[in-house]
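Reader: I am in my first year and would like a close look at one small part of this model. Please go slowly and explain the terms as they come up.

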Amino acid sequence: MNCSFCGRSEDEVDVIVAATEQNVAICDECVEICNQVIAEERAKASE
């Protein structure tokens, strides 16, 4: 299975989280990027 966001395979990342019924997955590296984006957006919103 590959990450639906970056296309990396299971062999290229540490963890891939897959949806149970859809053919959708996200790797740990894309999750980290998403967390950074969310934190930045929340910081902007609180200013």
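Leaving aside its neighbours within four places in sequence, which residues is C27 in contact with?

Author: This is a predicted model, in which local features need pLDDT of at least 70 and side-chain atom pairs count only at pLDDT 80 or more, while totals for chains, interfaces and linings use all residues. Residues are numbered from 1 along each chain as its sequence is written, and side-chain values use heavy atoms, with hydrogens and water left out.

Once neighbours up to four places away in sequence are set aside, C27 is in contact with C3, C6, R8, V13, V15 and I16. Contact here means heavy atoms within 4.5 Å. C27 itself sits in strand β2, which covers residues 25-27. Strands (E, at least two residues) and helices (H or I, at least four) are DSSP runs, numbered from the N terminus. The protein chain has two strands and one helix, and they follow the pattern β-β-α along the sequence.

C27 counts as buried because its relative accessibility is 0%. The cut-offs are under 20% relative accessible area for buried and over 50% for exposed, with partly exposed in between (1.4 Å probe, protein chains only). Of the 47 residues in the protein chain, 15% are buried.

C3, one of the partners of C27, lies in the segment before β1. With the same four-place rule, C3 is in contact with R8, I16, A25, I26, C27 and C30. C3 has a relative accessible area of 4%, so C3 is buried as well. C6, also in contact with C27, is partly exposed because its relative accessibility is 34%.

Both C3 and C27 belong to the largest nonpolar core, a group of five residues that also includes V13, I26 and C30. A nonpolar core is a set of buried Ala, Val, Leu, Ile, Met, Phe, Trp, Tyr and Cys residues joined through side-chain atoms within 4.5 Å. V13 touches R8, C27, D28 and E29 when residues up to four places away in sequence are not counted.

The cysteines also appear in a record. UniProt, in an unreviewed entry, lists C3, C6, C27 and C30 under "binding site". Although they are spread over 28 residues of sequence, they cluster in space, and the largest C-alpha distance among them is 8.3 Å. UniProt also places "domain: ClpX-type ZB" (unreviewed entry) at residues 1-46. UniProt positions are given in the numbering used here, feature names are shortened, and annotations may be inferred rather than shown by experiment.

Next, the sulfur atoms. The structure holds zero disulfides, a disulfide being a pair of cysteine sulfur atoms within 2.5 Å. For C3, the closest cysteine sulfur is that of C6, and because the two are 3.7 Å apart, they are too far for a bond. C6 is in no disulfide either; its nearest cysteine sulfur, in C30, is 3.7 Å away.

One more residue links to this part through I16, a contact partner of C27. S9, in the segment before β1 (16-18), is in contact with M1, N2 and I16, again leaving aside neighbours within four places. S9 counts as buried because its relative accessibility is 19%.
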